[in-house]
Amino acid sequence: GTVCFNKRMSKMYVTQCNGITGKEPKCKIYEARKSGKGWQINPEPLSFCSGENNARWNFGHPTLADKDKTIYFASDRPGGYGDTTTLEKTKDIWVSTFVRRGRTWSEPINLGPTINTEYNEMFPYVHPDGSLYFSSNGHRGYGDKDIFVSTRLDDSWTNWSTPVNMGDAINTPESENY
């Protein structure tokens, strides 16, 4: 799955579907630590996507920001803008911050209706300047899952600039979610 690394390249966050054993029903985000020339993966998913309450939802496409203290990801967890009565929920972009005292991640916050729509927003990436790049098939575009950019307007997690389509130099009539 999608992988991101911390600044020191000593931790890796990866989307693993079906669990480490291949028997879990959903995708989750796991942490692996550098160990010699390889990686040692934690057999438990990150705190915000583990436990009985989160077993039914998918979590994936992690990206780190703010000196590795913030993780953005996509999920179909409850509270998203694509919540429907159908079985197939859409994915929104969420954020969680690292809680140093508990050495865990905070309860996720949905980035709000400027970023998320009733359709799919996925594959977030945060540029060092703070710009959020993501794929969406809910914002108007050239094709399916165009790439957009937005910037955070204040210290809240839900106040973002209107997403700007990256244009036809990047987006095509096809899907840009690769």
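The following conversation goes through the cysteines, salt bridges and a surface patch of a predicted model.

User: How many disulfides does the count come to?
Analyst: The count comes to 1 disulfide in this predicted model. Cys17 and Cys27 form a disulfide, with their sulfur atoms 1.9 Å apart.

User: Where do Cys17 and Cys27 sit in the chain?
Analyst: Cys17 belongs to strand S2 and Cys27 to strand S3, which covers residues 27-35. The two cysteines are 10 residues apart, and the pair links distant parts of the chain.

User: Why is the disulfide right-handed?
Analyst: The torsion about the S-S bond of Cys17 and Cys27 is about 95 degrees, so the disulfide is right-handed.

User: And is Cys27 buried or exposed?
Analyst: Cys27 counts as buried because its relative accessibility is 19%, and buried means under 20%. Cys17, at 33%, is partly exposed.

User: What about Cys4, and how far is its sulfur from the closest cysteine sulfur?
Analyst: The closest cysteine sulfur to that of Cys4 is in Cys49, 12 Å away, which is too far for a bond. Cys4 is buried, with a relative accessible area of 8%.

User: Which cysteine sulfur is nearest to Cys49?
Analyst: The nearest is the sulfur of Cys27, 10 Å away, and Cys49 is in no disulfide. Cys49 counts as buried, at 1% relative accessibility.

User: Changing topic: how many salt bridges does a search of the whole structure find?
Analyst: The search finds 2 salt bridges. Side chains of opposite charge can pair when their charged atoms come close. In one salt bridge, the side chains of Arg33 and Glu31 meet at 3.3 Å, N to O. Arg33 is partly exposed at 39% relative accessibility, whereas Glu31 is buried at 13%.

User: What does Glu107 form a salt bridge with?
Analyst: Glu107 pairs with Arg77, and their closest N and O atoms are 2.7 Å apart. Glu107 lies in the loop between strand S8 (104-105) and strand S9 (109-110), and Arg77 in the loop between strand S6 (70-75) and strand S7 (92-99), so the pair ties together parts that are 30 residues apart in sequence.

User: Is Glu107 buried or exposed?
Analyst: Glu107 counts as exposed, at 56% relative accessibility. Its partner Arg77 is buried, at 10%.

User: Last topic: which residues form the nonpolar patch on the surface?
Analyst: The patch is formed by Val3, Phe5, Met9 and Trp39, which together have about 350 Å² of accessible area.

User: Where is Met9 found?
Analyst: Met9 is in the loop between strand S1 (3-5) and strand S2 (11-17). Met9 is partly exposed, with a relative accessible area of 46%.

Methods
Residues are numbered from 1 along each chain as its sequence is written. This is a predicted model: local features need pLDDT of at least 70, side-chain atom pairs count only at pLDDT 80 or more; totals for chains, interfaces and linings use all residues. Side-chain values use heavy atoms; hydrogens and water are left out. Patches are made of residues with over 30% relative accessible area and no salt bridge: like charges are joined within 9 Å, nonpolar side chains (Val, Leu, Ile, Met, Phe, Trp, Tyr) within 5 Å. Accessible areas come from the Shrake-Rupley method with a 1.4 Å probe; for residues, only the protein chains shown count as cover. A salt bridge is a side-chain nitrogen of Lys or Arg within 4 Å of a carboxyl oxygen of Asp or Glu. Helices (H or I, at least four residues) and strands (E, at least two) are DSSP runs, numbered from the N terminus. Buried means under 20% relative accessible area, exposed over 50%, partly exposed in between (1.4 Å probe, protein chains only). A disulfide is a pair of cysteine sulfur atoms within 2.5 Å.
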